[in-house]
Amino acid sequence: MAPKNEEATNVMAFDALYTTNQIQKFKVLLPYIEPSMQKHMAVYIKYMELQYTLSYVQRHPLQICGCSISSDEKPDLRSLCRQLCLYSSPEEIRQLEQFQNMLQTMETMQEMTQTMSALQEIFPDLSAGASFGGDMPSSDSDAEEDTGNGQFSMMDMLMNMLTPEQKTMYEMFGLQNADKKD
């Protein structure tokens, strides 16, 4: 995991864009102001930031440079989740972690599909349901359950490589049923 300061770069860049040195000076001075005046000063600082932001947006109506990814660039959703975790509640962090797990499962399934395609190119007579002979050792009795005669299907072998969470996610997306129908 990247350091927190590295992941918060977008937030710092945004804050730097929509503020001025004068506003930053007020923020530095805030702890030194009399406590009864600090909350008024904080509101004033936010008001100045809002004024500056409105002014900046009017002067620059087009897209802000550096605040978006290019159209041909694929977004890194895992990195986005990590960055959002910095500012999230424990429940939101749990949901973001679930989303990251789902992304990992989808990537694993994509890799498995590519592996199957590559194997089918190498062995054209081999289909997802084709079986290997009984001379392939198997320590998992569930893999032999479908064929019953000691043969081992390629899909069963790939399914046995998944973690229980990945298997659940795979089944949840209905990919297993779709693959068996083909």
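In this predicted model, the buried residues of helix α4 are Met41, Ile45, Met48, Glu49 and Tyr56. These buried residues pack against two other helices, α2 (9-17) and α3 (21-29). The length of α4 can be checked with simple arithmetic. Helix α4 covers residues 35-59, 25 residues in all, and at 1.5 Å a residue it should span 36 Å; its end C-alpha atoms are indeed 36 Å apart, so the expectation and the model agree. A general point about helices is handy when looking at such a list of residues: an α-helix has 3.6 residues a turn, so residues three or four places apart point the same way.

Just before α4 comes a loop worth a look. Leucine 30 sits in this loop, between α3 and α4. Its relative accessibility is 22%, and because buried means under 20%, leucine 30 counts as partly exposed. Leaving aside residues up to four places away in sequence, leucine 30 touches Gln38, Met41 and Ala42. Leucine 30 and isoleucine 45 are 15 residues apart in sequence, and their C-alpha atoms are 9.3 Å apart in space.

Stepping back, the whole protein can be described as follows. It contains 10 helices and two strands, and from the N terminus on the elements follow the order α-α-α-α-α-α-β-α-β-α-α-α. Of its 182 residues, 21% count as buried. Among contacts between residues at least 6 apart in sequence, 47% join residues at least 24 apart.

The interior comes next. The largest nonpolar core has eight residues: Met109, Met112, Met116, Met155, Leu158, Met159, Leu162 and Tyr170. Helices α6 (90-122) and α8 (154-159) each contribute at least two residues to this core. Another core lies apart from it and has five residues, among them Ile23, Phe26, Ile45 and Met48. Two of these names are familiar, as Ile45 and Met48 also appear among the buried residues of α4.

The outside of the protein completes the picture. About 13500 Å² is exposed, and carbon and sulfur atoms supply 57% of this area. Leu77, Leu80, Leu84 and Phe99 make a nonpolar surface patch of about 310 Å². Helix α5 (residues 77-85) provides the largest share of the patch, three residues. Leucine 80 lies in this helix. With a relative accessible area of 41%, leucine 80 is partly exposed, because that class lies between under 20% for buried and over 50% for exposed.

Notes: Residues are numbered from 1 along each chain as its sequence is written. This is a predicted model: local features need pLDDT of at least 70, side-chain atom pairs count only at pLDDT 80 or more; totals for chains, interfaces and linings use all residues. Side-chain values use heavy atoms; hydrogens and water are left out. A nonpolar core is a set of buried Ala, Val, Leu, Ile, Met, Phe, Trp, Tyr and Cys residues joined through side-chain atoms within 4.5 Å. Buried means under 20% relative accessible area, exposed over 50%, partly exposed in between (1.4 Å probe, protein chains only). Helices (H or I, at least four residues) and strands (E, at least two) are DSSP runs, numbered from the N terminus. The expected span of a helix is 1.5 Å times one less than its number of residues. Contact means heavy atoms within 4.5 Å. Accessible areas come from the Shrake-Rupley method with a 1.4 Å probe; for residues, only the protein chains shown count as cover. Patches are made of residues with over 30% relative accessible area and no salt bridge: like charges are joined within 9 Å, nonpolar side chains (Val, Leu, Ile, Met, Phe, Trp, Tyr) within 5 Å. A salt bridge is a side-chain nitrogen of Lys or Arg within 4 Å of a carboxyl oxygen of Asp or Glu.
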